[in-house]
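Here is a relaxed walk through one model, from single residues out to its cores and hollows. Have the sequence and the 3D view open as you read.

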Amino acid sequence: MNNILIKPVNQFIGGSWEVGSSKKKGTIHNPFNNEVLAEVTLANEVDVNEAYEIAKEAQKSWLKVPSTEKVTILKKAATYLERNKEEIINILVKEAGSSFIKATIEFEAALNILKESFNYPSKMEETIELPSQTKHKENLVYRDPVGVVGVISSFNFPLHLSMRSIVPAIAMGNTVVHKPDLQTAISGGTIIAKMFEEAGLPAGVFNLIVTDIKEIGDSFIEHPIPKIISFTGSTGVGKHIGSIAGQNLKKVALELGGNNPFIVLEDANIEEAVNAAVFGKFLHQGQVCMIINRMLVHRSLYKEFVERFVERVSKLPFGNPEDPSVIIGPLINEKQVQKVEDLVQIAKQEGATPVLEGTIEGNVVTPFVFADVTNDMKIAQSEIFGPIATIIPFDNEEEVIKFANDTAYGLSAGIFTKDIEKGRKIARQIESGMAHVNDQSVNDESMVPFGGIKSSGLGRYGGCWALEEFTNTKWISIQNNPRNYPF
């Protein structure tokens with residue numbers, strides 16, 4: 001893959017591009033046609049240790065860099081992204097199987113995270129003054145960086161989900177060691193390293209490790225230097241990381257899976273609801289943690305909703321995402337295709353009605369739509385991460401709230417109704433970190449708290465809430481006059 005943003009070597013440690021220490025190589029493929037985009041020599045535990053040691057040392061000086069200088073570097077990074085927008089979007093299309101629409105959404109989200117981070121350096125210099133119950137005492141609260149942050153990101157939105165942790169952490173005075181998913185290590189890692197290199201970020205503040213979990217095991221998490229592990233990915237892996245972090249008294253920020261309900265109430269505008277559902281289900285072939293997993297439609301609207309939804313979905317263009325008209329591109333790999341195929345067969349066995357039968361060619365899976373689904377079916381209780389839509393009827397608000405909450409997950413939700421107050425009340429009753437009235441479940445803004453509850457994760461990204469994840473609060477009291485002690 002000939003691209004000016006990509007170096008011929010794959011690790012970025014201490015400000016230098018290095019070949020990994022492993023004897024093994026990893027290959028990055030285009031998921032649509034299996035074209036080899038890059039071959040990389042993997043990092044091993046030696047590289048992980050080196051990166052963490054360098055990050056620890058670099059943090060001592062990065063901490064002292066004035067906030068204005070930090071912001072200047074971040075602004076140069078933003079300029080770099082904007083200047084290379086077209087090329088970055090093309091990489092996301094080739095490497096992640098993104099449609100041009102999805103790649104553009106991802107690019108803008110990543111850029112917005114970077115711009116939001118301009119605010120963090122000055123926030124770190126703020127002092128909070130609190131009253132005291134002790135006479136003549138001042139209470140002052142400060143924020144300190146945690147030190148070194150380990151970041152692990154996923155394949156589906158590689159640029160954005162990496163930047164979401166990396167940039168705020170660095171803006172707050174931390175240093176970072178980052179491990180992207182190998183399948184999307186260019187858009188999830190190399191581009192970010194190149195961005196910071198061009199922006200003049202001091203050596204060692206950002207370090208990139210490109211490897212496979214088989215090569216490093218749990219060393220990235222267990223290493224004593226990082227004080228927080230930020231992970232985006234599956235719930236199973238997140239629980240494993242949380243367990244190890246807990247044993248080592250590390251903080252974690254975990255953004256995990258979802259089984260997100262999309263509720264269409266009896267008074268909903270059905271056309272608007274269908275439009276939202278099509279986007280909220282099939283963006284990036286359904287490979288989004290926030291994607292609609294279950295459509296819960298009031299029985300009075302059910303038949304019409306199913307018919308309109310199928311009509312819209314059947315016309316979605318599919319194929320090579322390098323065609324700008326394509327909406328449904330490839331799933332990331334054969335394993336994910338097989339998972340989707342297995343779920344389709346199970347759904348049929350359990351009695352769901354296929355009202356739109358998809359096809360599978362290579363890694364491209366065209367949409368499947370199932371009606372007459374019940375909330376206890378495997379297809380309704382699994383995080384699908386693929387282009388399968390499930391539509392479930394309900395009879396009343398009490399029932400739909402029960403259905404919505406009957407899942408191990410709690411990430412996002414959408415509710416359609418003409419009664420805004422009713423929608424707000426239902427949103428408050430759904431067990432999720434986020435819910436959207438008269439919108440679908442896929443929403444992300446750089447200044448709001450993003451995250452889930454239950455098996456969907458711990459912590460919040462975005463805005464002032466990110467400060468809670470990547471900093472430590474410190475209370476300092478000052479006794480201005482002598483204090484009288486009881487003994």
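A residue is called buried under 20% relative accessible area, exposed over 50%, and partly exposed in between, with a 1.4 Å probe and protein chains only. This is a predicted model, where local features need pLDDT of at least 70, side-chain atom pairs count only at pLDDT 80 or more, and totals for chains, interfaces and linings use all residues. Residues are numbered from 1 along each chain as its sequence is written, and side-chain values use heavy atoms, with hydrogens and water left out.

**A few single residues**

Let's start with Ser165, which sits in helix H6. Helices (H or I, at least four residues) and strands (E, at least two) are DSSP runs, numbered from the N terminus. With a relative accessible area of 1%, Ser165 is buried. Setting aside neighbours within four places in sequence, Ser165 is in contact (heavy atoms within 4.5 Å) with Val151, Ser230, Tyr461 and Phe470. Tyr461 turns up again with another partner: the charged end of Arg164 sits over the Tyr461 ring, 4.3 Å from its centre. For that label, NZ of Lys or CZ of Arg has to be within 6 Å of the ring centre and within 35 degrees of the ring normal. Lys70 does likewise with Trp62, lying over its face at 5.0 Å from the ring centre.

Next, backbone angles. Most residues other than glycine have a negative phi. Two residues here have a positive one, though neither is a glycine: Gln285 and Lys454.

| Residue | Phi | Relative accessible area |
|---|---|---|
| Gln285 | about 60° | 0%, buried |
| Lys454 | about 55° | 37%, partly exposed |

Gln285 belongs to the loop between H11 and strand E13 (292-298), while Lys454 is part of strand E22 (residues 453-454).

Gly200 is in a loop too, the one between helix H7 (185-199) and strand E9 (206-208). At 45% relative accessibility, Gly200 is partly exposed. Its C-alpha is 9.3 Å from that of Leu74, although 126 residues separate the two in sequence.

**Rings in pairs**

Rings of Phe, Tyr and Trp (its six-membered ring) pair if their centres lie within 6.5 Å; planes under 30 degrees apart are stacked, over 60 edge-to-face, and the rest tilted. That rule gives seven aromatic pairs. One of them joins Phe155 and Phe385, whose ring centres are 6.0 Å apart with planes at 85°, so the pair is edge-to-face. Phe155 is in the loop between strand E7 (148-152) and helix H6 (158-171), and Phe385 in the loop between helix H14 (378-381) and strand E18 (388-394), so this pair ties together parts 230 residues apart in sequence. Phe155 is buried at 13% relative accessible area, and Phe385 is buried at 12%.

Phe282 and Phe309 make a stacked pair, with 6.2 Å between centres and 25° between planes. This pair links helix H11 (residues 270-282), home of Phe282, to helix H12 (residues 299-313), home of Phe309, across 27 residues. Both Phe282 and Phe309 are buried. Ring pairs also bring in Phe305, making a cluster of Phe282, Phe305 and Phe309.

**Cores**

A nonpolar core is a set of buried Ala, Val, Leu, Ile, Met, Phe, Trp, Tyr and Cys residues joined through side-chain atoms within 4.5 Å. The largest has 73 residues, and Phe206 is among those with the most contacts inside it. Not counting residues up to four places away in sequence, Phe206 touches Phe12, Ile166, Ile170, Val176, His178, Ile192, Ala193, Phe196 and Leu201. Apart from that core lies another, of 30 residues, including Ile379 and Ala404.

**Hollows**

On a 1 Å grid over the protein atoms alone, a cavity is a set of points where a 1.4 Å probe fits but cannot get out; a pocket is an open set with protein on both sides within 12 Å along at least five of seven lines; lining residues have an atom within 4 Å of a point. Grid points are joined across faces, edges and corners, and a volume is the space filled by probe spheres set on the points.

There are two cavities of 30 Å³ or more, and the largest has a volume of about 60 Å³. Its lining has 13 residues, with Pro261, Ala404, Tyr409, Gly410 and Glu431 nearest the centre.

The largest pocket has a volume of about 1400 Å³. Of its 48 lining residues, Phe155, Asp181, Gln183, Asn333 and Lys335 are closest to the centre. H13 gives the most to this pocket's lining, with four residues.
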